[in-house]
Amino acid sequence: PKSIREAAKKAFKNLASKGLTSLHGIFQLQAGAEMGDMGAYEIPILKSILDLIPQSCYVMVFTESPKKLKRLKKPPLNDEDSFGKFKVNCLKLFLDGSFGAATACMFSPFTDQLDKSGFCVVDSDKIYHQMKEAHNLGYQICVHAIGDKGNRILVDLYKRLLEEHPREDHRHRIEHASMLKEDVIEDIKNLGLIISSQPQFVNSEYKWLEKRIGKKRCLYTYPFKTLYENDIMMVAGSDCPLEDHDVIKGLHAMVTRNGFVPEQCISIKNALKAYTINAAYAAFEEKVKGTIEV
């Protein structure tokens, strides 16, 4: 416990040194997902270090049973006050893999690995059942999707969900949303979904991504400008600790893209919005943070 608390002090001080005042963090409620069996310890550890966290934290929880979120939606992890420091309001799910591992769910094989086209890590019926349960309980949903087919499948699931169970101001999210074709973007706009992007992926991948997915598919990968032109709410984060949490480097990726499909570069103003007011909106906090005003 002492080592964990010492590490927490350093970690959150480091985040603060990069200007981070609010965090959207993923935590597991049980074994499984990205952290394997160790995931079952994440919530107890979080509770043990709350007094060391200077930032406010929006907690997104992975669990096989969305009903279990109810037992977390109370103090100390959830403060009902609008200015509360900690909030629990979101179910986190995973649909596919990644570009790096050639496991993102794709319509066509990877250009440099023709025997692979990725896959979904969960059955569509199962993930829809989880989404429906969380949705009808009033929670926000955020789902990891990277490949072009993965995002098409996910948006179709959201479309089915909102047609069968309409709900105002749901603010459901797609985490990463790396490859988005025109038809998917149109549906995202019509459904009012939020795109939670990680610009640092561009910094990490721009030298090798064309080799992995081919030049044609690069044109609709991380389409920041297209999203803004379609008035889609886009927020920016880091995917730390897999990527660097330095916001300046993230802004650099959005504004310059390191030359990767430069047509999708956006202005510094819109990039700043993605890290501030848009991110606050994605956590239902736009009325208490995200802008400098009277």
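1. Strand β4, residues 140-145, is largely enclosed by the rest of the structure, because six of its six residues are buried. This is a predicted model. The burial holds on both faces of β4. Gln140, Cys142 and His144 cover one side. Ile141, Val143 and Ala145 make up the other. In a regular strand, side chains alternate between the two faces of the sheet.

2. β4 pairs with strand β3, residues 86-94. The two run parallel and are joined by five bridges. One residue to look at here is Phe94, which stands opposite His144 of β4. His144 is also among the buried residues of β4.

3. Next, a helix pair. Two packed helices are described by the angle between their axes and the distance between the axes. For α4 (residues 148-164) and α5 (residues 182-191), the angle is about 30° and the axes lie 10 Å apart. Angles under 35 degrees count as roughly parallel, and α4 and α5 are therefore roughly parallel to each other. The crossing of α4 past α5 is left-handed.

4. Which residues of α4 and α5 meet? From α4 come Asn151, Arg152, Val155, Tyr158, Lys159 and Leu162. From α5 come Asp183, Val184, Asp187, Ile188 and Leu191. The contact is mixed in character: six residues are nonpolar, four are charged and one is polar.

5. Two loop residues deserve a check. Gly39 sits in the loop between β1 (22-28) and α2 (42-49). Its relative accessibility is 0%, so Gly39 counts as buried. Leaving aside residues up to four places away in sequence, Gly39 touches Gln28 and Gln30. Gly39 and Gln28 are eleven residues apart along the chain, and their C-alpha atoms are separated by 5.2 Å.

6. Is the second loop residue, Gln264, buried or exposed? Gln264 has 8% relative accessibility and therefore counts as buried. The cut-off for buried is under 20% relative accessible area. Gln264 belongs to the loop between α10 (247-256) and α11 (268-275).

7. What does Gln264 touch, not counting residues up to four places away in sequence? The contacts are Leu219, Tyr222, Pro223, Phe224, Lys225, Thr226 and Arg257. Ile4 gives a long-range reference: Gln264 and Ile4 are 260 residues apart along the chain, with 41 Å between their C-alpha atoms.

Note on methods
Residues numbered from 1 in each chain as written. Predicted model: local features only at pLDDT ≥ 70, side-chain atom pairs only at ≥ 80, totals over all residues. Heavy atoms only, no water. Axes fitted to C-alpha atoms, helices over the stretch in contact; angles between N-to-C directions. Helix = DSSP H or I, 4+ residues; strand = E, 2+ residues; numbered from the N terminus. Parallel < 35°, antiparallel > 145°, perpendicular 65-115°, else oblique. Left-handed = near helix turned anticlockwise from the far one by under 90°. Contact = heavy atoms within 4.5 Å. Nonpolar A, V, L, I, M, F, W, Y, C, P; charged D, E, K, R; others polar. Buried < 20%, exposed > 50% of the residue type's maximum accessible area, 1.4 Å probe, protein only. Pairing = 2+ DSSP bridges.
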